[in-house]
Amino acid sequence: MKQRKIPLRKCTGCNEMKNKKEMIRIVRNNEGIFSLDFHGKKPGRGAYVCKNIECLSQAEKNKGLERSFKTSVDKEIYNALRKEFAAYDGE
C-alpha cells in the first residue's frame with residue numbers, strides 16, 4: 001500500500017520543517033487583520049509557527065512574519081497574537 005505524503009511546513013520562528021498539524025497557522029485576511037488559526041481552515045494568506053510561544057518571539061526578532069506576508073507587522077499585532085496564543089495554551 002502506498003503511503004500518503006505528510007504535508008510539511010516551515011516555522012517562521014525556528015525555521016524547522018514540521019508536520020503542519022503540529023503547528024499553528026497565522027492568517028492575514030483581505031482586510032489586513034492578523035489572527036491565529038488553530039484548525040487551518042480560515043481564509044487568507046498564512047504562515048506557520050510551532051506550538052511554542054518562543055517561536056512567535058523568534059519570528060518577531062528575525063522578521064519571519066514580515067517576509068512571509070510581504071508587509072510590515074506592528075508590535076501591537078505581535079502582542080495581540082501572544083494574547084491569543086496564551087488563551088489557547090490555557091485551554
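## Reading the labels

Helices (H or I, at least four residues) and strands (E, at least two) are DSSP runs, numbered from the N terminus. With that in hand, a label such as E4 or H3 can be found in the structure above. Please keep in mind that this is a predicted model.

Let's try the labels out on Lys-41. Where is Lys-41 found? Lys-41 sits in the loop between E4 and strand E5, and E5 covers residues 45–50. Is Lys-41 buried or exposed? Exposed means over 50% relative accessible area, and Lys-41 has 73% relative accessibility, so Lys-41 counts as exposed. Lys-41 and Arg-25 are 16 residues apart along the chain, and their C-alpha atoms are separated by 9.4 Å.

## The largest pocket

Rolling a probe the size of a water molecule over the atoms shows where empty space is left. In this model, the largest pocket holds about 180 Å³ of space. Its lining is made by Lys-20, Lys-21, Met-23, Arg-25, Asp-37, Phe-38, His-39, Gly-40, Tyr-48 and Lys-51. How do the residues of the lining divide? There are three nonpolar, two polar and five charged residues.

Tyr-48, one of the lining residues, is found in strand E5. With a relative accessibility of 14%, Tyr-48 counts as buried, because buried means under 20%. You can also compare its place with the start of the chain: the C-alpha atoms of Tyr-48 and Lys-2 are separated by 28 Å, and the two residues are 46 residues apart along the chain.

## A salt bridge between two strands

How many salt bridges does a search of the whole structure find? The search finds three. One of them joins Arg-25 to Asp-37, with 3.1 Å between the closest N and O atoms. Arg-25 belongs to strand E3 (residues 23–28) and Asp-37 to strand E4 (residues 34–37), so this pair ties together parts that are twelve residues apart in sequence.

Both partners have already appeared in the lining of the largest pocket. Arg-25 counts as buried at 11% relative accessibility, and Asp-37 is buried too, with a relative accessible area of 4%.

## Salt bridges between two helices

Now turn to the helices. The side chains of Lys-75 and Glu-60 meet in a salt bridge, at 3.1 Å from N to O. Lys-75 lies in helix H3 (residues 75–89) and Glu-60 in helix H1 (residues 53–61), so the pair ties together parts that are 15 residues apart in sequence. The two partners have opposite settings: Lys-75 is exposed, with a relative accessible area of 53%, whereas Glu-60 is buried at 19%.

Glu-60 also forms a salt bridge with Arg-82, where the closest N and O atoms are 2.4 Å apart. This pair links distant parts of the chain, with Arg-82 in helix H3 and Glu-60 in helix H1, 22 residues apart. Arg-82 counts as partly exposed, with 24% relative accessibility. Which residues are linked in a network of salt bridges? They are Glu-60, Lys-75 and Arg-82.

## Two loop lysines

Lys-63 is not a glycine, yet its phi is positive, at about 60°. Lys-63 is found in the loop between H1 and helix H2, which spans 64–69. At 46% relative accessibility, Lys-63 counts as partly exposed.

Lys-70 also has a positive phi, near 55°, in a residue other than glycine. The loop between H2 and H3 is where Lys-70 is found. Its relative accessibility is 70%, so Lys-70 counts as exposed.

## A nonpolar patch on the surface

Which residues make a nonpolar surface patch of about 300 Å²? The patch is made by Ile-6, Leu-8 and Met-17. Ile-6 lies in the segment before strand E1, which runs over 8–10. With a relative accessible area of 53%, Ile-6 is exposed.

Methods:
Residues are numbered from 1 along each chain as its sequence is written. This is a predicted model: local features need pLDDT of at least 70, side-chain atom pairs count only at pLDDT 80 or more; totals for chains, interfaces and linings use all residues. Side-chain values use heavy atoms; hydrogens and water are left out. On a 1 Å grid over the protein atoms alone, a cavity is a set of points where a 1.4 Å probe fits but cannot get out, and a pocket is an open set with protein on both sides within 12 Å along at least five of seven lines; lining residues have an atom within 4 Å of a point. Grid points are joined across faces, edges and corners, and a volume is the space filled by probe spheres set on the points. Ala, Val, Leu, Ile, Met, Phe, Trp, Tyr, Cys and Pro count as nonpolar, Asp, Glu, Lys and Arg as charged, and the others, Gly among them, as polar. A salt bridge is a side-chain nitrogen of Lys or Arg within 4 Å of a carboxyl oxygen of Asp or Glu. Buried means under 20% relative accessible area, exposed over 50%, partly exposed in between (1.4 Å probe, protein chains only). Patches are made of residues with over 30% relative accessible area and no salt bridge: like charges are joined within 9 Å, nonpolar side chains (Val, Leu, Ile, Met, Phe, Trp, Tyr) within 5 Å. Accessible areas come from the Shrake-Rupley method with a 1.4 Å probe; for residues, only the protein chains shown count as cover.
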